[in-house]
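Me: Please take a close look at one part of this structure, namely the surroundings of the ligands. I should like one connected account that I can follow residue by residue.

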Amino acid sequence: MPVSVVVGTQWGDEGKAKIIDLLAESHQVVARYQGGHNAGHTVVVGNEKYALQLVPSGVFYSHVTPVIGNGVVVDLPTLFKEIDTLESRGITCSRLKVSSLAHLIFPWHQAHDAISESNLGENKIGTTLKGIGPAYADKSRRVGIRAGDVRDAARFKQLVRDRATAEQKILTALGGETLNIDEIVDKFVALGQRLKPYVFDTVNFLHDALEHNENLLLEGAQATFLDIDHGTYPFVTSSNPIAGGACAGTGLGPRDISRIVGIAKAYTTRVGSGPFPSELLGELGDKIVDIGREFGTVTGRRRRPGWLDLVMLRHAARLNSLTEIALTKLDILDTFKVVRVCVGYEVNGKELAGYPDDSQLLAQVQPKYVDLPGWNKSVSAVRNYSDLPPQAKALVELVEQHVGVPVTIIGVGPERNECVVRK
Ligand code: GDP
Ligand code: IMO
Ligand code: MG
């Protein structure tokens, strides 16, 4: 199975990076396909913890070529800071390839993100303020600047100056900040020069790798319910994290993909605004946040906690054609007397057939729960499925039954080897 996709099935932070790091051992290429430095992907190798925003999570293996695909929006200051930090810790990034077709993020994108959020007031999306939405908007408006543009330094300089000048007019009209255009041009010309050796025709590179029977792993950022089309609009990100986005975001075709691993936490979290049917507002929620250390890696914000929602997971299985599920952070529930799982939604006493196509309605649904008894012991040391407590197995089996997709990996700790892989 040469091409696999790893996709988040909830609202992000499911532990995608940990599973990608695990799977990367048997792959030669790991490619990000969408999103940008709004992502916070944590990988723990031994005693070392790494927080990645743009560099693909396969970078820790010397046999892996990390690729930033054409669907990603790239913030150059963040990319080089990340590369410098990784290299200072002994992780070589020289193999990294950045798609010539990937769009770049500029300071005006961040300025627009901030104004847009501020104008929305209490209806704000709660974005990461990284300029992600405005950068994708410019891509759609066909005024974006791409990584490949740095190949011609003089032209790149002019493109940056022209865009900065045009954006300044819009920002001024909106009451936004004044850009220091000369400073931005100089800074980005230098960053562009540094980017040059990393810029690549990644589309043909990936197809050539496929022709050489290499195994490719496509790394999703964000998640299914943050998808611009299928998520809880408008409380979403501005790209397509779903598995279908992996084709558009890398240039591989749908028939190239054979394995699609959906990552689900054994409970649910969400950062930012938007509906969340199984949200837990009381003490139990605080307990999940405390034990699960549910604070964003990018913004430090507290993640909103809730129970596992199988209505969502079932819909995610459809949207992504999941071939398997990795259920992560099972260990966080070790001390819970009862583990609740949402298995249906009701509105005015009537059960909905499935996940609704309406965020307003989603905000009103009453979740229907199944209560499972907790297992009351640590599962962190378990490596074989047969050694899991029966109560934990009951949770796994409920997921499989309800969603109709096998659970092949179970996370029992943050480290690379802390999981149960079912053969
Ligand atoms: P991502 O954005 O989906 O890659 O997830 P994040 O890295 O933002 O958040 C997941 C957090 O949970 C990270 O701190 C991981 O180290 C940690 N993690 C991942 N899997 C497990 C697990 O099975 N158990 C525990 N305890 N922590 C995990
Ligand atoms: P990873 O890859 C969790 C959320 C933001 C906000 C919404 C839109 O680590 O799972 P944006 O800045 O993208 O315009 O914000 O999306 N969001 C994430 N939430 N994990 C992420 O990435 C996220 N990336 C964006 O909090 O609600
Ligand atoms: Mg994250």
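Reply: Thr9 is buried, with a relative accessible area of 0% in this predicted model. Thr9 sits in the loop between β1 and α1. A polar atom of the side chain of Thr9 lies 2.8 Å from the backbone oxygen of Ile263.

The loop that holds Thr9 is a suitable starting point for the metal site, since Asp13 also lies in the loop between β1 (3-8) and α1 (16-24). Which protein atoms serve as donors of the magnesium ion (ligand 3)? The protein donors are an OD atom of Asp13 and the O atom of Gly40, and they lie 2.0 to 2.2 Å from the magnesium ion. Asp13 belongs to the loop between β1 and α1, whereas Gly40 belongs to the loop between β2 (29-32) and β3 (41-45), so the pair ties together parts that are 27 residues apart in sequence. The two donors also fall into separate accessibility classes. Asp13 has a relative accessibility of 21% and therefore counts as partly exposed, while Gly40 is buried because its relative accessible area of 16% is under 20%.

Asp13 leads on to ligand 2. A backbone N or O atom of Asp13 lies 2.9 Å from an oxygen atom of ligand 2. The side chain of Asn38 places an N or O atom 2.8 Å from an oxygen atom of ligand 2. Arg301 contributes a polar side-chain atom, which is 3.0 Å from an oxygen atom of ligand 2. How much of the accessible area of ligand 2 does the protein cover? On its own, ligand 2 has 550 Å² of accessible area, and the protein covers 97% of it.

The shell around ligand 2 can also be described as a whole. There are 20 residues around ligand 2, and those that come nearest are Lys16, His41, Thr128, Gln222 and Thr237. By class, this shell has 10 polar residues, seven nonpolar residues and three charged residues. Which domains supply the shell around ligand 2? Domain 1 (1-98 + 201-423) and domain 2 (103-196) each give at least three residues to it.

Attention now turns to ligand 1, for which Lys16 and Gly40 appear again. Of the 19 residues around ligand 1, the ones that come nearest are Gly15, Lys16, Gly40, Thr42 and Asp331. Lys16 is thus among the nearest residues of ligand 2 and also among those of ligand 1. Gly40, a donor of the magnesium ion, is likewise one of the residues that come nearest to ligand 1. The shell around ligand 1 consists of five nonpolar, seven polar and seven charged residues.

The contacts of ligand 1 involve both backbone and side-chain atoms. An oxygen atom of ligand 1 is 3.1 Å from a backbone N or O atom of Glu14. Ala17 brings a polar backbone atom to 2.9 Å from an oxygen atom of ligand 1. Asp331 acts through its side chain, where an N or O atom is 2.7 Å from a nitrogen atom of ligand 1. The accessible area of ligand 1 on its own is 590 Å², and the protein covers 92% of that area. The elements that give two or more residues to the shell around ligand 1 are α1 and β3.

Some backbone features complete the account. Most residues other than glycine have a negative phi, and most peptide bonds are trans. Lys329 has a positive phi, near 60°, and is not a glycine. Lys329 is placed in the loop between β14 and β15 (338-347), and its relative accessible area of 22% makes it partly exposed. Ser321 is another residue other than glycine with a positive phi, here about 50°. The loop between α10 (310-320) and β14 (324-328) contains Ser321, which counts as partly exposed at 48% relative accessibility. The peptide bond that joins Tyr233 and Pro234 is cis, with an omega of about 10°. Pro234 is located in the loop between β10 (216-219) and α8 (244-248).

Notes. Residues numbered from 1 in each chain as written. Chains lettered and ligands numbered in written order. Predicted model: local features only at pLDDT ≥ 70, side-chain atom pairs only at ≥ 80, totals over all residues. Heavy atoms only, no water. Near = heavy atom within 4 Å. Polar contact = N/O pair within 3.5 Å; in protein donor to acceptor, adjacent residues only side chain to side chain. Areas by Shrake-Rupley, 256 points an atom, 1.4 Å probe, with all protein chains shown as cover. Nonpolar A, V, L, I, M, F, W, Y, C, P; charged D, E, K, R; others polar. Domains from an automatic or database assignment. Donors = N, O, S within 2.8 Å, 3.2 Å for Na, K, Ca; no water. Helix = DSSP H or I, 4+ residues; strand = E, 2+ residues; numbered from the N terminus. Buried < 20%, exposed > 50% of the residue type's maximum accessible area, 1.4 Å probe, protein only.
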